[in-house]
Amino acid sequence: MHELRLVREVFEDLLRRGEAEGLQRITRVHLRMGGFTEIDPEVLRYLFAEESRGTILEGAELVIEYSPLRELRLLSFEGE
């Protein structure tokens, strides 16, 4: 399941950036996902929720912007 690998890569990036900014919690994550990634958005949301348990990402809102390209890109995140 390549979705899990991709979610974990995004998670690692978010956790690294969140720590660097001294965040206690990440509240919203904005991703851009292309239609040609062959990733089901609902599977992505499920994996995001599962992987975030027990981390500063737990409960974060996942906002997905769609693109015609083959990409899964972290656009931005918000936290406190």
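**A guided reading of a predicted model**

From the N terminus on, the elements of the protein run α-β-α-β-β. The model is predicted.

Visitor: How many helices and strands does the secondary structure of the protein come to?

Guide: The order of elements from the N terminus is α-β-α-β-β. Counted by type, the secondary structure comes to 2 helices and 3 strands.

Visitor: What radius of gyration does the protein have, and what would a compact globule with 80 residues have?

Guide: The C-alpha trace spans about 35 × 20 × 15 Å along its principal axes. A compact globule with 80 residues would have a radius of gyration near 12 Å, and the value for the protein agrees with this, being 12 Å.

Visitor: What percentage of the 80 residues count as buried?

Guide: A residue counts as buried when its relative accessible area is under 20%. The protein exposes about 5,000 Å², of which carbon and sulfur atoms supply 48%. Of its 80 residues, the share that counts as buried is 35%.

Visitor: Among contacts with a separation of 6 or more, what percentage do residues 24 or more positions apart account for?

Guide: One pair distant in sequence is Gln24 and Glu80, 56 residues apart, with C-alpha atoms 5.9 Å apart in space. Across the protein, among contacts with a separation of 6 or more, the share from residues 24 or more positions apart is 85%.

Visitor: Is Gln24 buried or exposed?

Guide: Gln24 lies in the loop between α1 (2-20) and β1 (26-34). Beyond its neighbours within four places in sequence, Gln24 is in contact with Ile56 and Glu80. Its relative accessible area is 65%, and the cut-off for this class is over 50%, so Gln24 is exposed.

Visitor: Is Ser67 buried or exposed?

Guide: Ser67 is found in strand β2, residues 61-67. Setting aside neighbours within four places in sequence, Ser67 is in contact with Arg32, Met33, Gly34 and Gly35. Its relative accessibility is 11%, which is under the 20% cut-off, so Ser67 counts as buried.

Visitor: Which residue has the backbone nitrogen that the side chain of Ser67 reaches?

Guide: Ser67 belongs to strand β2. Its side chain reaches a backbone nitrogen at 3.0 Å, and that nitrogen belongs to Leu69.

Visitor: Which residues are joined into one network by salt bridges that share partners?

Guide: The structure holds 11 salt bridges. One of them joins the side chains of Arg16 and Asp13 at 3.7 Å, N to O, and another joins Arg17 to Asp13, with the closest N and O atoms 3.2 Å apart. Arg16 and Asp13 are separated by about one helical turn because they are 3 residues apart in helix α1, while Arg17 and Asp13, 4 residues apart in that helix, are likewise separated by about one helical turn. The network joined through shared partners comprises Asp13, Arg16 and Arg17.

Visitor: Which accessibility classes do Arg16 and Arg17 fall into?

Guide: Over 50% relative accessible area is exposed, and partly exposed lies between 20% and that cut-off. Arg16 is at 54% relative accessibility and thus counts as exposed. With a relative accessible area of 39%, Arg17 is partly exposed.

Visitor: With which residue does Arg28 form a salt bridge?

Guide: In this salt bridge of Arg28, the closest N and O atoms are 3.6 Å apart. The pair links distant parts of the chain, 50 residues apart, with Arg28 in strand β1 and its partner in strand β3 (residues 72-79). Arg28 is partly exposed at 29% relative accessible area, and the partner, partly exposed at 35% relative accessibility, is Glu78.

How values were computed. Residues are numbered from 1 along each chain as its sequence is written. This is a predicted model: local features need pLDDT of at least 70, side-chain atom pairs count only at pLDDT 80 or more; totals for chains, interfaces and linings use all residues. Side-chain values use heavy atoms; hydrogens and water are left out. Buried means under 20% relative accessible area, exposed over 50%, partly exposed in between (1.4 Å probe, protein chains only). Contact means heavy atoms within 4.5 Å. A polar contact is a pair of N or O atoms within 3.5 Å; within protein, one must be able to donate a hydrogen and the other to accept it, and residues adjacent in sequence count only if both atoms are side-chain atoms. A salt bridge is a side-chain nitrogen of Lys or Arg within 4 Å of a carboxyl oxygen of Asp or Glu. The radius of gyration is taken over C-alpha atoms; the globule rule is 2.2 Å times the number of residues to the power 0.38. Accessible areas come from the Shrake-Rupley method with a 1.4 Å probe; for residues, only the protein chains shown count as cover.
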